[in-house]
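This report introduces a protein structure to a reader who has not met it before. Please look over the sequence and the structure shown here before reading on.

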Amino acid sequence: MNIATFAAGCFWGIELHFSKLPGVTSTAVGYMGGHNSNPSYQDVCTGDTNHAEVVQVTFDRQETSYEELLNAFWSAHNPTTLNRQGPDIGTQYRSAIFYHNEEQKRFAELSKEKLDNSGLLPSKSVTAIVPAETFWPAEEYHQKYLEKRGMGGCGI
């Protein structure tokens with residue numbers, strides 16, 4: 001199994017999006033990219049920890065590729081808004097790809113370049129492509145939040 005980590009605004013919706021993809025064996029929401037150890041949701045919401053809300057995706061490369069996950073990532077949010085997705089504003093809602101190895105970094109950079117040159121976006125992507133750091137799982141009530149409530153999305 002392989003791991004991919006993405007930040008694309010509120011982690012509830014992006015987790016649900018990835019959980020439905022073929023080849024994805026599990027998802028978990030949490031925090032990455034900040035400077036506090038073991039942050040809580042309340043800590044991250046202050047904007048002071050610099051963590052992003054992320055989804056960590058475990059996937060089977062026999063059934064899906066990292067490139068397909070990247071395509072799903074780009075289609076699931078607006079990568080042109082800095083620190084914002086819909087009504088959610090703050091660094092915790094930034095767009096980022098946290099790569100786990102050099103191959104992921106290369107594919108992420110190529111996909112971003114391709115998207116930026118496609119003319120599909122109103123402006124260039126502000127998505128950061130950065131090394132994965134410690135994944136801090138969010139509190140249990142955040143895991144599969146929308147699924148547990150029978151919701152099909154966040155409405156953003």
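## Strand β3 and its surroundings

In this predicted model, Ser-26 stands opposite Thr-58 of strand β3. The strand to which Thr-58 belongs is joined to β2 by eight bridges, and β2 and β3 run antiparallel. Strand β3 is also joined to β1, here by five bridges, and this pair likewise runs antiparallel. Within the β1 pairing, Thr-58 of β3 is the bridge partner of Ile-3. Thr-58 is therefore named in two pairings, opposite Ser-26 and as the partner of Ile-3.

How many of the residues of β3 are buried? The strand is mostly covered, with eight of its eight residues buried. Ala-52, Val-54, Gln-56 and Thr-58 point one way from β3, while Glu-53, Val-55, Val-57 and Phe-59 point the other way, and all are buried. As a general rule, side chains in a regular strand alternate between the two faces of the sheet.

## Thr-5 in strand β1

Thr-5 lies in strand β1, which spans residues 2-8. Is this residue buried or exposed? Thr-5 counts as buried because its relative accessibility is 0%, and the cut-off for buried is under 20%. The side chain of Thr-5 forms a polar contact of 2.7 Å with the side chain of His-100. Apart from neighbours within four places in sequence, the residues in contact with Thr-5 include Val-54, Val-55 and Gln-56. Met-32, Ala-96, Ile-97, Phe-98 and His-100 are also among the contacts of Thr-5.

## Helix α1 and its cover

Helix α1 is formed by residues 11-19, and its buried residues are Phe-11, Trp-12, Ile-14, Glu-15, Leu-16 and Phe-18. The elements covering these buried residues include the strands β1, β2 (24-32) and β3 (52-59). Among the helices, α2 (41-45), α3 (66-75) and α5 (145-148) are included in this cover.

## Cysteines

A disulfide is a covalent bond between the sulfur atoms of two cysteines. The structure holds zero disulfides. Cys-45 is in no disulfide, and the nearest cysteine sulfur, that of Cys-10, is 9.3 Å away. The table sets out the accessibility of these cysteines together with that of Thr-5.

| Residue | Relative accessibility | Class |
|---|---|---|
| Thr-5 | 0% | buried |
| Cys-10 | 14% | buried |
| Cys-45 | 33% | partly exposed |

Definitions and conventions. Residues numbered from 1 in each chain as written. Predicted model: local features only at pLDDT ≥ 70, side-chain atom pairs only at ≥ 80, totals over all residues. Heavy atoms only, no water. Helix = DSSP H or I, 4+ residues; strand = E, 2+ residues; numbered from the N terminus. Buried < 20%, exposed > 50% of the residue type's maximum accessible area, 1.4 Å probe, protein only. Polar contact = N/O pair within 3.5 Å; in protein donor to acceptor, adjacent residues only side chain to side chain. Contact = heavy atoms within 4.5 Å. Disulfide = S-S within 2.5 Å. Pairing = 2+ DSSP bridges.
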